[in-house]
Amino acid sequence: MSAYAGTPPEIRIGRVHLWHPEHTLAVTDLPERATLPEARDRQLLALGIDRVRVADGLTEVDLAERAALDALAGSGTDPADLDGLLLVQGRAPEYLMASEATRLQHRIGATRALTLGVGDLGCVSSSAAIEIGAALLRGRGGPGRILVAMGVRAAATARYRPPMTVLGDCGAAFLLTTGDDDAGGAPYTSTGDTGGSAPYTGPYTSGGAPYAPGGDGAGPAPHPGGSRSARYRLLGQELRSDGRYADLFRIRYRELPPERWAEECADENAYSFQLAIESRNRLRDLNAELLRRCATAQDELAAVVMQNLSVGAFAFWQDALGLKIADVCRDNLAGHGHLGPADVLMNLERLAPSVPAGGKVLVMNSSPVAAWCTALVERLPD
């Protein structure tokens, strides 16, 4: 790649396309409740999560593919025109040694895209994908489009991750573009096969249930031109990590069959207290640095979003950082639970209609591995 000559291009974040499985599971019906101690069960029911979506029979790549096809159709982008494809990897790949990123590339027909997998930072992996995608675009020396996609699926049978949240399933995808990418043309609709040229006729089946665009009931809204359908302009981002917490949450998988996999917290005291204080300090400092660098005062923010863990977590962060967390986060928490790296993306997308053009949104993301990220974005006109 050639270095960008002159002023680096602005990076734009397109509409986030979410694909939600049809099957809904109420938290009160979680099978693991039958074996929970009474105190833990009360803790579960107080998280503020009513239900989650369950991707029966679908892999993480299946979920990513559905969202990716919606994002391509919704932005009028032919997959053969993509400059890059970044797959935010799941925690339990279907096969060892195989490439899920290039599997997705083949399925959607992104034949010339530089294709990479981004993972290992848990929830913050989506923020890392934006960081990598932005760097790739700035290094191109001209207009470019990179598709970021992910499939989020609970790795263990139990969806309750004590003491923090309940896991749901979904697919999510969006385009990263440069501000000078103003190409237009007829909306592109995808078959989901490797050709990537014929109109979508559906239903398309890929390793599971039939696929129809828009698993959340909305479907993609075709739009000519990648950057014209952009939602936000990326003003800046700060990302940090700390390996002292690298295996605080883990699944022992080598010696156990998948049906016996269980998420373990190695030290709940370290998570609930030590890491909580560490995260407060990290996000406070990252917020201050980013806002200073972007010449933005905290009271200028139109909204603040973060990941969805529990109503208690929202209360903690509001008190610890002196910030009001947008109500859309609580709504999404109640209806979808925790969606890992897709949380902040869903919140940012569903916040968009209420943010005026030019409004600035602070996006905070964190992971117990541990990693932290703060981003500042500006709402673009529709």
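The legends below describe close-up views of a predicted model.

**View 1. Helix H3 and its surroundings.**
Helix H3 spans residues 100-108 and is mostly covered, with 7 of its 9 residues buried. The buried positions are Glu100, Ala101, Arg103, Leu104, Gln105, Arg107 and Ile108. These buried residues of H3 pack against helix H2 (60-75) and against three strands, namely E5 (84-88), E6 (114-118) and E7 (145-152). Just after H3, Gly109 adopts a positive phi of about 80°.

**View 2. Arg103 within helix H3.**
Arg103 belongs to helix H3. The relative accessible area of Arg103 is 18%; because the limit for a buried residue is under 20%, Arg103 is classed as buried. When neighbours within four places in sequence are set aside, Arg103 is in contact with Val61, Glu94, Tyr95 and Ala98.

**View 3. Helix H7 and the elements packed against its buried residues.**
Helix H7, made up of residues 327-336, is mostly covered, and 7 of its 10 residues are buried. Val328, Cys329, Asn332, Leu333, Ala334, Gly335 and His336 are the buried residues of H7. They pack against two strands, E4 (51-53) and E16 (303-306), and against two helices, H6 (311-321) and H8. Gly337, placed just after H7, takes a positive phi of about 70°.

**View 4. A salt bridge inside helix H7.**
Arg330 and Asp327 form a salt bridge in which the closest N and O atoms are 3.6 Å apart. Both residues lie in helix H7, where 3 residues, about one turn of the helix, separate them. Arg330 is partly exposed at 23% relative accessibility. Asp327 is likewise partly exposed, with a relative accessible area of 48%.

**View 5. A salt bridge between strand E13 and helix H8.**
The structure holds 31 salt bridges, and one of them joins the side chains of Arg231 and Glu349, with an N to O distance of 2.6 Å. Arg231 is in strand E13 and Glu349 in helix H8, so this pair ties together parts that are 118 residues apart in sequence. Arg231 counts as buried at 16% relative accessibility. Glu349 is also buried, with a relative accessible area of 8%. Both values fall in the buried class because that class takes in relative accessible areas under 20%.

**View 6. A network of salt bridges around Arg231 and Glu349.**
Arg330 and Asp327, shown in View 4, lie in helix H7. Elsewhere, salt bridges that share partners join Arg15, Arg231, Glu349, Arg379 and Asp382 into one network. Within this network, the side chains of Arg231 and Glu349 meet in a salt bridge.

**View 7. The salt bridge of Arg244 and Asp242.**
The side chains of Arg244 and Asp242 meet in a salt bridge with an N to O distance of 2.7 Å. Arg244 is exposed at 58% relative accessibility, whereas Asp242 is buried, with a relative accessible area of 10%. The two partners are classed in this way because exposed means over 50% and buried means under 20% relative accessible area.

**View 8. The largest cavity and its lining.**
The model has 2 cavities of 30 Å³ or more, and the largest cavity holds about 120 Å³ of space. The lining of the largest cavity consists of 15 residues, of which Ser127, Ile130, Gln237, Val363 and Ala375 are the closest to its centre. Two or more lining residues come from each of helix H4 (125-138), strand E13 (230-241), helix H8 (343-351), strand E17 (360-367) and strand E18 (371-379). Strand E18 supplies the largest share, 4 residues. By residue type, the lining divides into 10 nonpolar and 5 polar residues, with no charged ones.

**View 9. Two buried cysteines.**
Cys294 counts as buried at 17% relative accessibility. Cys373 is buried as well, at 1% relative accessibility. A disulfide is a covalent bond between the sulfur atoms of two cysteines. The structure holds 0 disulfides.

Definitions and conventions
Residues are numbered from 1 along each chain as its sequence is written. Side-chain values use heavy atoms; hydrogens and water are left out. Buried means under 20% relative accessible area, exposed over 50%, partly exposed in between (1.4 Å probe, protein chains only). Contact means heavy atoms within 4.5 Å. A disulfide is a pair of cysteine sulfur atoms within 2.5 Å. On a 1 Å grid over the protein atoms alone, a cavity is a set of points where a 1.4 Å probe fits but cannot get out, and a pocket is an open set with protein on both sides within 12 Å along at least five of seven lines; lining residues have an atom within 4 Å of a point. Grid points are joined across faces, edges and corners, and a volume is the space filled by probe spheres set on the points. Ala, Val, Leu, Ile, Met, Phe, Trp, Tyr, Cys and Pro count as nonpolar, Asp, Glu, Lys and Arg as charged, and the others, Gly among them, as polar. A salt bridge is a side-chain nitrogen of Lys or Arg within 4 Å of a carboxyl oxygen of Asp or Glu.
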